[in-house]
Structure formats: structure tokens, C-alpha cells
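Work through the following exercises with the sequence and the model open side by side. Each task is followed by a solution that proceeds step by step.

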Amino acid sequence: MTPTSASPQLDATAPAGNDGKWTPRLVAVLIALALPTQLLAAAGILGANATASVAGSFQTAQVAWFSLTVVLVSTLLTPFVIKLGDRFGTKPVMLAMTGLGVLGDLIAALAGSFPLLLLGRAIAGCYGPFAAMAFPAVREIFPRALVKPASGILGSSMGLVALAAPFLAGWLVDTWGYRGVMWFLAAMTALSFVLIALVVPRTPRRDHRPGFDWLGGLTLGGGLTAVVFALGQGPSWGWLSGRTLGWFGGGLLAVVLFVLVERRSAHPILDLKVLTRRPVALVLVTGGLAQSIAFTLPAIGIMLALFPSIPGVSGGLGWTGQHNAVVGVSWNLVMFVTGLFASRLLRGTDARLVWWAGLLLMGAGYGLMGFFHGNEIELVLTACLANFGAGFVLAGSPALVVGVVSPAEQGIGSGMLNMLMNLFGAVVTAMAFAVLTEHGTVFHGNLFYQDAGFAWVFWIGALLTAVTLLLSLFIPPQRGEPSAGGIRHPTDEERK
């Protein structure tokens, strides 16, 4: 396959003579990619804070769909986004995704009914797989020496988002309710659209074959969506209920059918041969699991801080949202600074060493958090240790993907990492709430979580991190760096 030619000033190629130095143009491109990527994380934090306002505004008991709708649509569309990026280049797909994100957030902000609100959230969910395009764009645009550092910054800037989002969420919700959050997301997504249009160059098309594997995309996306839906509804439906087992079984069956369909498709939506290589499989599985832990456990920490402190009933700390935001500055700042430091390390250090160090520190932090989380000092010290490791994990994961796939496979790698992170995130979240419910107490009709439940969730997070570290030890050395413009193909050893 030979990419079509385009005008030099618009093509995504490494600047002539660039030996790995940051230029104003590259910084601008990284900002244009980082803003919409991290806006996804901010939307999660803002949406969580707006949930109570949504429930009160529409008097609904189905408020969980406010967040679940976005996850389901994002999971369904990810396979199509990967293929469309290969077919048309990443920039047009990113513009389409952010454009739909703006439209969806505007509909949600103006909605006068709960179904219309969910429609807006579903359309905004089209923006959910953006990271599956952002990391391949880095691979295409940045010169060889900056691919891993830029990918690391793109992944680890989550710490900066987590630093500011709680303060912003409190102000928006307290002042304008959930509509303030929707208007803010619409404005920031529109800004992302403009930056992408003006700053991000075109990238070459990787797939010029006719035809499109709609059946494969629907079976994979639909199957994974059904599994995520079942995991999300399991705690309320019951894990052994017919609905839970039906959705879960149907999703797994669809994934099996996808494998059979792809083997016979002349134009498969995903090249399954890429996923059969041991280094790729190990990086995607461990990367998806570790990042799901890094995103899920802090949410449990927020619940611990905000739930009331009632002896024998509720084991929360009883903090206000503002107090939690102030205290949380410490560990979120640690994550951001660590991520920047890790991104610099990646220029001359084996990405596996950064990754292993991050997993070790993150696991130790959550293990200690299970024992020590009873006041501000204990929570700050243990959470800072966990986020010290999380900064390395979030920076190292995309760098590992870069090291095991070629540019033509980058979209598949990033997209599968995104799908696995959603899937593992649903599993970890469901597991956490099952543990909390097991140690919960119903008081005056409300379910409160006791201290033992929070402790066990943190210990399970530490155990899962240890399992991830053990699996990661089998990732082979990454030989060779991407060449200028990101072009590198796997070695024979990496293909085994």
C-alpha cells in the first residue's frame, strides 16, 4: 500500500533537519491533540459531579444512563473509528468526532426532557474514541526522537485535568447545575475542533482498498458494548439474573462471531494477525488493565472522602466537595509532574523500566491506602505514592504501544487499547461496587459503605496491579526506534 501524495506543507512528516528538538509548531500540535484527549477525562469528572443535579432536575431513578450512554456509544464506535482513520487519515475523523461532540453537548445542554438529554449524550459519545486517533497522529506527525515523549505527555496530562476538574465541577454545578457542565463541554469541544482544523496537519491514508467491513465492526463493537452494559447493570439487576447473563452471553457470542467473520472478510476491520503477536497482546492487555485501575481507584477514593462519617453505618470521611478538591491538589499534582518527568525519561530509557516502576509504585500505594486512609495526612501520603506510580503508568503505556506496532498498525493498537480500557474499567468498577455493597449498610432507606469495603477495594486494586506487573515482565525488549516521521516495522523477533 502506498499513501497518496499531498502538498508538503500539509502532510504529516517530520520536519527536515529536526533531530528531536521541540519547536513551536510541534508544541502547538501537541496542545491541539492533548486538549481533546484530556477533555474526555475532564468530562468524566464533570459528569460524575453533575449526576445528582441531573437526577434532581428530571426526577429520574435511571440517572446511571447519563454516564453509561457515553461509554456504550464510545465502545460501539471504536472499531469503525480505527478503520476510518486508516481509510481517510486521522485528521478528518478527529474533526468529525469533535463536531459530533459539540452537537451532542449542545443538545444535552438545551434538553427539556431526560430522553432528549440521553440523545445528546449518545451523540456526544461519538467523541469518546478520540484517543484512538490522537496517538496514531503523534506517531505520524512527530519526529522519531519525540514520538515516545510526546505520547507520554499526551497520556500523563491526566494529572493536570484531575487537578483542576474538581474545582471547576463544583463551581459549574453549584452555579448553573448540570447545564453549566454541558455548556462548558460544548465550548471546550468546539475549541478543540478549531485547534485541530488549524494546527494539526493531514496524515497519510494507510488503507486504499475498496469496501468496508460493516458486519465485522458491528459484531465486535456490539459484542463489547453488550458486555460493558451487562457489567454496568449487574449490581442492580443481580449477577445471576436472566438479563445480566443474557446480555453478557450475547456479547461474548458476538465477539466469537467477529473472529469468524474477520477470517473470511476480504476487507477486515481489524487485522487480527497483529493481535496474535505476543508483544502486542501483552502490551494491550496489561496497558488496558493498568490504566483502568489508574482511572477507577481514584473515583473510589473520592467516594471515600465524600461519603458521611457515621460510626457503624458509613465509613466515609465526610468531606465537602471543596475540601476534597483542595486536599486532592497534592496527589493530582504529583501525577502530573511525574508524568512530565517520565516523558523525558522515555527519550533514552527502555519504556519497560518506566512501566515496571510505575506499576510497582502504584500497587504499593493502593496496598498501603487499604490500611491508611482515615484522615487527610494518611490519604495524602498513600494517594501521592499511588499517583506517583500512575504518572509513570499513564506515560509509559502509549510508549509501549509505539514500540511494538508499526505505523500502519498504530490505529489498531491504540483503538484496541481504548476498547480494553473500557472493558476492564467496567469490570473493575463492577467489582469495586460489589465489594462495597457486600460491606454496606442500609440506613433510613439509603445504602452506605463501611470502612472495610473501601479497604478491600484498595487491596484488590493493589492485587490487580501486581498481576499486571507480573504479566508485564514477559514483554520482550523493544528493539529499534521509529524512524523519522514514525516509520518503523516490527522486527522478525517482535512478530513472533
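## Exercise 1: Aromatic pairs

F454 has a relative accessibility of 0% and therefore counts as buried, where buried means under 20% relative accessible area, exposed over 50%, and partly exposed in between (1.4 Å probe, protein chains only). The model is predicted, so that local features need a pLDDT of at least 70 and side-chain atom pairs count only at pLDDT 80 or more, while totals for chains, interfaces and linings use all residues. Residues are numbered from 1 along each chain as its sequence is written, and side-chain values use heavy atoms, with hydrogens and water left out.

Task: determine how many aromatic pairs the structure holds, and describe the pair of W22 and F142.

Solution. Begin with the criterion: rings of Phe, Tyr and Trp (its six-membered ring) pair if their centres lie within 6.5 Å, and planes under 30 degrees apart count as stacked, over 60 as edge-to-face and the rest as tilted. By this criterion the structure holds 14 aromatic pairs. For W22 and F142, the ring centres are 5.8 Å apart and the planes stand at 70°, so the pair is edge-to-face. Next, place both residues: W22 lies in the segment before α1 (24–58) and F142 in the loop between α5 (131–141) and α6 (144–156), so this pair ties together parts that are 120 residues apart in sequence. The helices here are DSSP runs (H or I, at least four residues), as are strands (E, at least two), numbered from the N terminus. Finally, compare accessibility: W22 is partly exposed at 34%, whereas F142 is buried at 0%.

Y449 and F454 form another edge-to-face pair, with 6.3 Å centre to centre and 85° between the planes; Y449 is buried at 9% relative accessibility. Ring pairs also link F371, F372, W456 and W459 into a cluster.

## Exercise 2: The surroundings of V29

Task: establish where V29 lies, whether it is buried or exposed, and which residues it touches.

Solution. V29 lies in helix α1 and is buried, with a relative accessible area of 0%. Not counting residues up to four places away in sequence, V29 touches I141, F142, V199 and P201, a contact being heavy atoms within 4.5 Å. As a further step, take the C-alpha atoms of V29 and L198, which are separated by 9.5 Å although these residues are 169 apart along the chain.

## Exercise 3: A charged pair

Task: find which side chains meet in a salt bridge, and state the accessibility of R352 and D350.

Solution. The criterion is a side-chain nitrogen of Lys or Arg within 4 Å of a carboxyl oxygen of Asp or Glu, and the count comes to 1 salt bridge. The side chains of R352 and D350 form it, at 2.9 Å from N to O. R352 is buried, with a relative accessible area of 13%, while D350 is partly exposed at 27%.

## Exercise 4: Confidence

Task: identify where the pLDDT is below 50.

Solution. The pLDDT is the predictor's confidence in each residue, from 0 to 100. The chain averages 82, and 90% of the residues score at least 70. Over residues 1–17 the pLDDT is below 50, and this stretch has 31 contacts in the model beyond near neighbours in sequence. Residues 481–496 also have a pLDDT below 50, with 51 such contacts. Where pLDDT is low, the predicted coordinates should not be read in detail.
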